[in-house]
Amino acid sequence: MKNVILLGAIILTLFTACEWQTIEPEKIELPKEEVLFSTQIQPIFTAKCISCHTANNPKLTSGVAYSSLTNGYINTTDPAQSKLYTAFAVSGGKHYEKGILTATEIATILKWIEEGAKNN
Ligand code: HEC
């Protein structure tokens, strides 16, 4: 009898311990207008990257970031191959799965590159 109760308790625990959780995919809200480097991209770097990327390449501090990025981290012919994008968006990328950027920020960066990665 004791065993039956114990078994019952174990089964009950197993069933109540697991709950279904719905993970909502992050909604991407892309800006409709052309993305501006100065007001939409640089502020992301300033807020989230320069703790490491002041000395490390690419250098992302204001005034230096654009020339540093266009020196090999951006591919306007094939934007999705840009290191600035793959580092976050491709499995195995340096910053993939770290959660530094939101999906919207990553998409905004890609849109900026697709629009020609202008120093605008
Ligand atoms: C905690 C420190 C840290 C933070 C924060 C960080 N990075 Fe990095 N990042 C690194 C290091 C270290 C490397 C490797 C540098 C090297 O290999 O010389 C790197 C590499 C990169 C690379 C090159 C990837 C490649 O494929 O060569 C890019 C692009 C990059 N980071 C962009 C960013 C951006 C954009 C942000 C902010 C959104 C950011 N990082 C935030 C530490 C950081």
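Me: Where in the chain does proline 58 lie?

Reply: Proline 58 belongs to the loop between H2 and H3. The model under discussion is predicted.

Me: What kind of peptide bond joins asparagine 57 and proline 58?

Reply: The general idea is that most peptide bonds are trans. In this structure the bond between asparagine 57 and proline 58 is cis, with omega at about -10 degrees.

Me: How should the overall fold be read, and how many helices and strands does the chain have?

Reply: One begins with the order of the elements. The chain contains five helices and zero strands, and its pattern along the sequence is α-α-α-α-α. Contacts add a second view. Of those between residues at least 6 apart in sequence, 53% link residues at least 24 apart.

Me: Which residues illustrate such a contact across the sequence, starting from glutamate 26?

Reply: Glutamate 26 sits in the loop between helix H1 (2-17) and H2. Leaving aside residues up to four places away in sequence, glutamate 26 touches Thr102 and Ala103. Its C-alpha lies 8.2 Å from that of threonine 104, although the two residues are 78 apart in sequence.

Me: Is glutamate 26 buried or exposed?

Reply: Burial is read by counting C-beta atoms within 10 Å, where 12 or fewer mark a residue as exposed and 20 or more as buried. Glutamate 26 has 11 others in that range and is therefore exposed. Across the chain of 120 residues, 16% are buried.

Me: Which residues of the largest nonpolar core touch the most other members?

Reply: As a general matter, nonpolar side chains in soluble globular proteins tend to be buried together. Here the largest nonpolar core holds 17 residues, and Ile109, Trp112 and Ile113 touch the most other members. Two or more residues of this core come from each of H2, helix H3 (65-69), H4 and helix H5 (103-114). H5 supplies the largest share, four residues. As one example of the packing, isoleucine 109 is in contact with Ile41, Leu84 and Tyr85, residues up to four places away being left out.

Me: Which residues of H5 are buried, and why do they line one face of the helix?

Reply: The general idea is that an α-helix has 3.6 residues a turn, so residues three or four places apart point the same way. In H5 the buried residues are Ile106, Ile109, Trp112 and Ile113. Viewed down the axis of H5, they fall within an arc of 120 degrees, so they line one face of the helix. These buried residues pack against H2 and H4.

Me: How does the span of H5 agree with the expected value?

Reply: H5 comprises 12 residues, and from its first C-alpha to its last it reaches 16 Å, close to the 16 Å expected at 1.5 Å a residue.

Me: Which value of phi does glycine 116 take, just after H5, and what is phi of alanine 117?

Reply: For orientation, most residues other than glycine have a negative phi. Glycine 116 takes a positive phi of about 105 degrees. Alanine 117 also has a positive phi, near 45 degrees, in a residue other than glycine. Alanine 117 lies in the segment after H5 and, with 22 C-beta neighbours inside 10 Å, counts as buried.

Me: Where does glutamate 97 lie, and is it buried or exposed?

Reply: Glutamate 97 is located in the loop between H4 and H5. Its phi is positive, near 70 degrees, in a residue other than glycine. Because 9 other C-beta atoms lie within 10 Å, glutamate 97 is exposed.

Me: What does histidine 95 touch?

Reply: Histidine 95 is likewise placed in the loop between H4 and H5. It touches Ala87, Phe88 and Ile100, with residues up to four places away in sequence not counted. Having 15 C-beta neighbours inside 10 Å, histidine 95 counts as partly exposed. Its C-alpha is 9.7 Å from that of tyrosine 85, 10 residues apart along the chain.

Me: Which residues around the ligand come nearest?

Reply: One reads a binding shell by its members, their elements and their classes. Of the 19 residues around the ligand, Lys48, Cys49, Cys52, Lys83 and Ala87 come nearest. Helix H2 (37-48) and helix H4 (83-89) are the elements that give two or more residues to this shell. By class, the shell has 11 nonpolar, five polar and three charged residues.

Methods:
Residues are numbered from 1 along each chain as its sequence is written. This is a predicted model: local features need pLDDT of at least 70, side-chain atom pairs count only at pLDDT 80 or more; totals for chains, interfaces and linings use all residues. A residue is near a molecule or strand if its C-beta atom, placed from the backbone, lies within 6 Å of it. Ala, Val, Leu, Ile, Met, Phe, Trp, Tyr, Cys and Pro count as nonpolar, Asp, Glu, Lys and Arg as charged, and the others, Gly among them, as polar. A nonpolar core is a set of buried Ala, Val, Leu, Ile, Met, Phe, Trp, Tyr and Cys residues joined through C-beta atoms within 7 Å. Two residues are in contact if their C-beta atoms, placed from the backbone, lie within 7 Å. The expected span of a helix is 1.5 Å times one less than its number of residues. The arc is that of the directions from the helix axis to the C-beta atoms.
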